[in-house]
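Me: Please take a close look at one part of this structure, the buried charged side chains, and set what you find in the context of the rest.

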Amino acid sequence: MDRKEQAKLIKERSGTDVRKCMKCGKCSGRCPAYAEMDIKPHQFVSYIEKGEVEKLLESKSLYTCLSCFACVERCPRGVAPANVIEAVRQEVVRAQGGNKVQAEKIPETINEAIPQQLLVSMFRKFNK
Amino acid sequence: MKFSYYPGCTLKTKAKQLDLYGRKCLEKLGVDFEEIKEWQCCGAVYPVSKDEVATKLSAVRTLANAKAEGGKLLTLCSACHHVLKRVNDDMKNDDNIRLKANNYLALDEEYAGETDVIHYLELLRDYVGFDKIKAAVVNPLKNQKIGAYYGCLLLRPSETLAFDNPENPKIIEDFITAIGATPVTYAFRNECCGAYVSTTSKDLAVKKSTKVTDSAKNAGAEKLVTACPLCMYNLTENGNGEVPVYYFTELLAEALGVKE
Ligand code: SF4
Ligand code: SF4
């Protein structure tokens, strides 16, 4: 699959129309993980629109986005940047060897108070 | 009217108080409810991608069972509510997901989003009424300054959740007033706590939860209330440690005199 096709697939999977973006940056302005992102939410939208996927697949933002949907709420054009980030994340984690979390390492990082919900959410977001 | 109550996995284990007090208060308020039959985990996060169908099926099963029981599905955990409500919306409005989910599940009757997904707080506001709750309070939490913590999942995206004004919600403040306490409004009440990154990027979760708890403390809140076990965990473990966090049902139980 070439990059162009891959970008098309990601766009479809996101279910949002990135062409509507007017590059106002409101999504990034509202993002609580902005400082921890190498590529910002509005950039995800414009890179994917231009079909530039390589950088996105390697972005650390895939693991710092909190799926808080604030960007979706604020976008004045009805674009959903969170959906684009999710679609790229899926592209990464669905591939062979794409899992972010190693199950064997989990016991070292958790404590008694951790709710089941946290572990299930983490695996659903970062692994396949 | 009978409500089919969906507790979810975490409320059966780490968040038992949220569930236990929730049930006691419903009994006290005379709400007719029963735990929904054969429920499964909702999946914890809403599968956003349009091509995700299998990961939505457990939620669809619950929604279809609720339809058979009368069509009112009562949720309590914010995350379960978010997932069930959004999957229900897909079953109503997304032809592709509805077709595939129904083909796979082969239910006796096709499911097309007929169930109403109602959060416990919505039940208090829309079906019981805060006035009635106020009247039922035997132990008003006088002189307590309480901050509402909404977080993300109950409010956004508001197009689907339709829970309250996403930028300036008031349902939990109204709840706090109804139980006799004083709500404290603070800037970060609808900001993210750090969610599911708290094991993979602990620093980020600490930063987010500390911002929320600092904002609450500076506004004068003595405690916070939440409906979400993950928010509870983050704010407690990763916050500033100066504002204790309670499940809203626990304070309701206290006010209604059913907490022992
Ligand atoms: S969903 Fe992700 S990208 Fe959007 S505002 Fe929240 S953290 Fe930022
Ligand atoms: S808020 Fe919407 S229109 Fe503005 S930059 Fe972000 S995606 Fe584009």
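Reply: At 0% relative accessibility, A:Arg89 counts as buried, a term that stands for under 20% relative accessible area, with exposed meaning over 50% and partly exposed anything in between (1.4 Å probe, protein chains only). This is a predicted model, in which local features need pLDDT of at least 70 and side-chain atom pairs count only at pLDDT 80 or more, while totals for chains, interfaces and linings use all residues. Residues are numbered from 1 along each chain as its sequence is written, chains are lettered from A and ligands numbered from 1 in the order in which they are written, and side-chain values use heavy atoms, with hydrogens and water left out.

A:Arg89 forms a salt bridge with A:Glu86, with 2.4 Å between the closest N and O atoms; the term requires a side-chain nitrogen of Lys or Arg within 4 Å of a carboxyl oxygen of Asp or Glu. The two residues are three apart in helix H6 of chain A, so about one helical turn separates them; helices here are DSSP runs of H or I with at least four residues, strands are runs of E with at least two, and both are numbered from the N terminus. A:Glu86 is itself buried, at 3% relative accessibility. A second salt bridge joins A:Glu86 to A:Lys125, at 2.8 Å from N to O. Because A:Lys125 belongs to helix H8 (residues 116-126) of chain A and A:Glu86 to helix H6, this pair ties together parts that are 39 residues apart in sequence. As with A:Glu86, A:Lys125 is buried.

The helix that carries A:Glu86 and A:Arg89 spans residues 81-94 of chain A, 14 residues in total, and from its first C-alpha to its last it reaches 20 Å, close to the 20 Å expected at 1.5 Å a residue; the expected span is 1.5 Å times one less than the number of residues. Of the 14 residues of H6(A), 13 are buried, so the helix is largely enclosed by the rest of the structure.

Chain B offers the contrasting case of buried acidic side chains without a salt bridge. B:Glu122, in helix H5 (residues 120-128) of chain B, is buried yet has no such partner, the nearest side chain of opposite charge being B:Arg125 at 4.3 Å; for this purpose Lys and Arg count as positive and Asp and Glu as negative, and His and the chain ends are not counted. A polar atom of the B:Glu122 side chain does lie 2.8 Å from the backbone nitrogen of B:His119. This is a polar contact, that is, a pair of N or O atoms within 3.5 Å, where within protein one must be able to donate a hydrogen and the other to accept it, and residues adjacent in sequence count only if both atoms are side-chain atoms.

B:Asp164, in the loop between helix H7 (158-161) and helix H8 (171-178) of chain B, is likewise buried and without a salt bridge, and for B:Asp164 the nearest side chain of opposite charge is B:Arg125, 4.6 Å away. Polar atoms of the B:Asp164 side chain lie 2.8 Å from the backbone nitrogen of B:Lys170 and 2.9 Å from that of B:Ile171. The loop between H7 and H8 of chain B also holds B:Ala162, a residue other than glycine whose phi is positive, near 40 degrees. B:Ala162 counts as exposed, at 53% relative accessibility.

For the wider setting, the count over all chains comes to 33 salt bridges. One of them pairs B:Lys24 with B:Glu260, whose closest N and O atoms are 2.4 Å apart. This pair links distant parts of the chain, 236 residues apart, with B:Lys24 in helix H1 (residues 16-28) of chain B and B:Glu260 in the segment after helix H11 (248-256) of chain B. Unlike the buried A:Glu86, B:Glu260 is exposed, with a relative accessible area of 74%. Elsewhere, salt bridges that share partners join A:Arg13, A:Glu91, A:Arg94, A:Lys128, B:Asp51 and B:Glu52 into one network.
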